[in-house]
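Thank you all for coming, and please have the sequence and the structure open while I talk. I will go through a few parts slowly, and I will try to say in each case what the picture rests on.

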Amino acid sequence: MSFDGITVHALARELNTALAGGRITKIAQPQPEELIITVKNNGGKHLLLMNANASLPLIYLTQENEVSPLKAPGFLMLLRKYIGSGIIEEVKQPGLERVVRLRIRHLDELGDEAIKYLYIEIMGKYSNIIFTDDNNKIIDSIKRIGANTSSVREVLPGRDYFIPAQKDKYNPFEISEMMFKEDILRRPHETAKAISSGVVGFSFVTSNELCLEAQVDPAVSTAALTTDDKQKLYDAFSRLLDTIDNGQAEPVIYSDTVTGKPLEFSAWPLLAYADSEKKELSSVSEMLYTFYASKNTYSNMKQRSADLRKNVKNLIERESKKLNLQEKQLKSTEKMDKYRLYGELLHTYGYSAPEGAKSLEVTNYYTNEPLTIPLDPGKTAMECAENYFKRYDKLKRTKEAVTVQIEETKKNIEQLDSILTSLDMAEDEGDLSDIRKELTEAGFIHKNAHGRKEKALKAKPLHFVTDDGFDIFVGKNNYQNEYVTFRVADSDDWWFHAKKIPGSHVVVKTNGKELPDKDFEIAAQIAAYYSRGRDNDKTDVDYVKKKELRKVTGGAPGFVIYHTNYSMTVHPKITGVSKL
């Protein structure tokens, strides 16, 4: 679930229970847009992390502190001056907005009690941390926003603080039954979208869940809703509001049952993810920390492979330009047979050419048609013939050389294209190590071109088991493809690969048994999933017995040929297996 108003509501209640009445003992700013406030309360210590980064705004309780820069930023010094030892009186969410407000009591310069507010706005690229006085006048913010940046709201010292109104959206706690039915459910959208577009704090995931709870199709148009549908939706809406306002949060994280990749989080269970792996957490803060830490494991792989990906794309572009030039060069050799013919005909008819002639009309004895041969007036017909033979020989040598070069360049592009697909499948540093090794051994990059000493890491192919007990091995790069095909597979095992596109070699170990039809389909779906065709609705997959495969002579690792095969068209997915 996106960090919507419902998640913020559950989090704000949790933070209020933990922090209300507590004293601020430390404020740190480890990153330019991040704060960590240490609060002592009820004999314990709590670390409140808040981050206004546009790509990943967050707020939750954490147990991990971070090192602050040696020189404290101005905003941090300001907070320390005013609320460095203040008391957090309340943590609250205004309406159902994606905003958390800390009400902080402190002593001013005269020793009198004063109130300050710290607003943490979780609003994507508009996220911010804003510090105000008790009249909601902005004292400062972690990101200053001027009129040249936003025409809706300036976030500058001295300006009034307010939460920008969301056009055509209503506070859910102020929506009457008539408003819900006559406004929200009359919007010209699919039902789930109509609800998310009209209710503050409701993401599409929440609105979709509301429809499922009411047993109404989220994708049905509001114009098709019956009176009974609208009543069921409003009843579900009322129950949801009561749950989020009074019920105890039940934080959960949903992950892919096979890959373990985190899919969604929620402060309450979601019907839409009933078939996914479910992990229950003890708090909303733990849910957020766990989800984003796990999510980072996957996103960090893309960051760690960014340089490699850029190099490979540049190499593909370079090889493609080279291929274009080579093909043009090959096209220029198309005249060579004409030059050979001119030479032969001049040897036959050249005696009849007048001295100083610019051309000679002859009969092409291959076709019995007339042909005009251009001549050099300063040379004899025999000398012109020799020149034509020389031009023919040169173009012939060029054609032979360029044909070999084109074949080599096409192989390079094919290998680089497969490596690019391997980068999408890389799951750990061992996989990246394999890819660097292949690039180095193929001569695409120099040894240690990535700037650090390569570690000897052994990456393993993926290993699945079907419900029928058949082992399936999947190579994530060309070295692993070579391994599963020629080391793991026996001659009668089945081999699968997406048709004519880069992808994994998938091997099903049969151990001499007959493979059930559904396991053929499961293996084909896995082969389609771990290929360039992953995002297609349908992908063609070839499958053969391993004994039908042959290595490509002089080819890159993992490249094979086969002449007899079966094919099927499947939807790329992983199902019917367990991952080991």
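Let us begin with the open sheet, which has 9 strands in the order S4-S3-S2-S1-S5-S6-S7-S8-S9, with antiparallel pairing. Strand S4, residues 58-62, and S9 stand at the edges, and each has a single partner strand, so one side of each is left without a neighbour in the sheet. From one strand to the next the twist averages 30°. I should say at once that this is a predicted model, and everything I describe is to be taken in that light.

Two helices can be placed against this sheet. Helix H1 packs on the sheet and touches strands S1, S2, S3, S4, S5 and S6, and its direction makes about 160° with that of S5. Helix H2, which covers residues 74-83, lies across S1, S2, S6, S7, S8 and S9, and it runs at about 160° to S1.

Now I would like to stay with one strand of the sheet, S8, and look at its surroundings. How many of the residues of S8 are buried? Strand S8 spans residues 128-133, and 6 of its 6 residues are buried. Both of its faces are covered, with Asn128, Ile130 and Thr132 on one side, and Ile129, Phe131 and Asp133 on the other.

On one side in the sheet order, S8 is joined to strand S7, residues 113-121, by 6 bridges, and the two strands run antiparallel. Within this pairing, Glu121 has Asn128 as its bridge partner, while Leu118 stands opposite Phe131. S7 and S8 form a hairpin with 6 residues between them, and in the turn Gly124 has a positive phi of about 60°.

S8 also pairs with strand S9, residues 138-141, in the antiparallel sense, here over 3 bridges. Phe131, which we have just met opposite Leu118, stands opposite Asp140 in S9. These two strands form a hairpin as well, with 4 residues between them, and Asn136 in the turn has a positive phi of about 65°.

Let me turn to charged side chains. Side chains of opposite charge can pair when their charged atoms come close. In this model the count comes to 29 salt bridges, and I have picked out three of them.

In one of them, Glu482 pairs with Lys551, with the closest N and O atoms 2.9 Å apart. This pair links distant parts of the chain, since Glu482 is in helix H12, residues 478-488, and Lys551 is in strand S20, residues 550-551, which puts them 69 residues apart. Why does Glu482 count as buried? The reason is that its relative accessibility is 18%, and buried means under 20%.

Another salt bridge is formed by Lys509 and Asp493, whose closest N and O atoms are 3.0 Å apart. Here again distant parts of the chain are linked, with Lys509 in the loop between strand S18 and helix H13, and Asp493 in the loop between H12 and strand S17, 16 residues apart. Both Lys509 and Asp493 are buried.

The third one I chose is between Lys518 and Asp519, with the closest N and O atoms 3.5 Å apart. Lys518 counts as partly exposed because its relative accessibility is 42%, whereas Asp519, at 1%, counts as buried. Elsewhere, salt bridges that share partners join Glu89, Arg103, Arg105 and Glu113 into one network.

Two more helices remain on my list. In helix H5, residues 204-213, the buried residues are Thr206, Ser207, Asn208, Glu209, Leu210 and Cys211. These buried residues pack against helices H1, H3, H4 and H6, and just after H5, Gln215 takes a positive phi of about 60°.

Finally, please find Thr290 in helix H7, which covers residues 284-304. Is Thr290 buried or partly exposed? Thr290 has a relative accessible area of 22%, and therefore it is partly exposed. Leaving aside residues up to four places away in sequence, Thr290 touches Ile253, Lys279 and Leu281. Its side chain also reaches the backbone oxygen of Glu286 at 2.7 Å. Thr290 and Met336, in turn, are 46 residues apart in sequence and 69 Å apart in space, taken from C-alpha to C-alpha.

Notes. Residues numbered from 1 in each chain as written. Predicted model: local features only at pLDDT ≥ 70, side-chain atom pairs only at ≥ 80, totals over all residues. Heavy atoms only, no water. Buried < 20%, exposed > 50% of the residue type's maximum accessible area, 1.4 Å probe, protein only. Pairing = 2+ DSSP bridges. Salt bridge = Lys/Arg side-chain N within 4 Å of Asp/Glu carboxyl O. Contact = heavy atoms within 4.5 Å. Polar contact = N/O pair within 3.5 Å; in protein donor to acceptor, adjacent residues only side chain to side chain. Axes fitted to C-alpha atoms, helices over the stretch in contact; angles between N-to-C directions.
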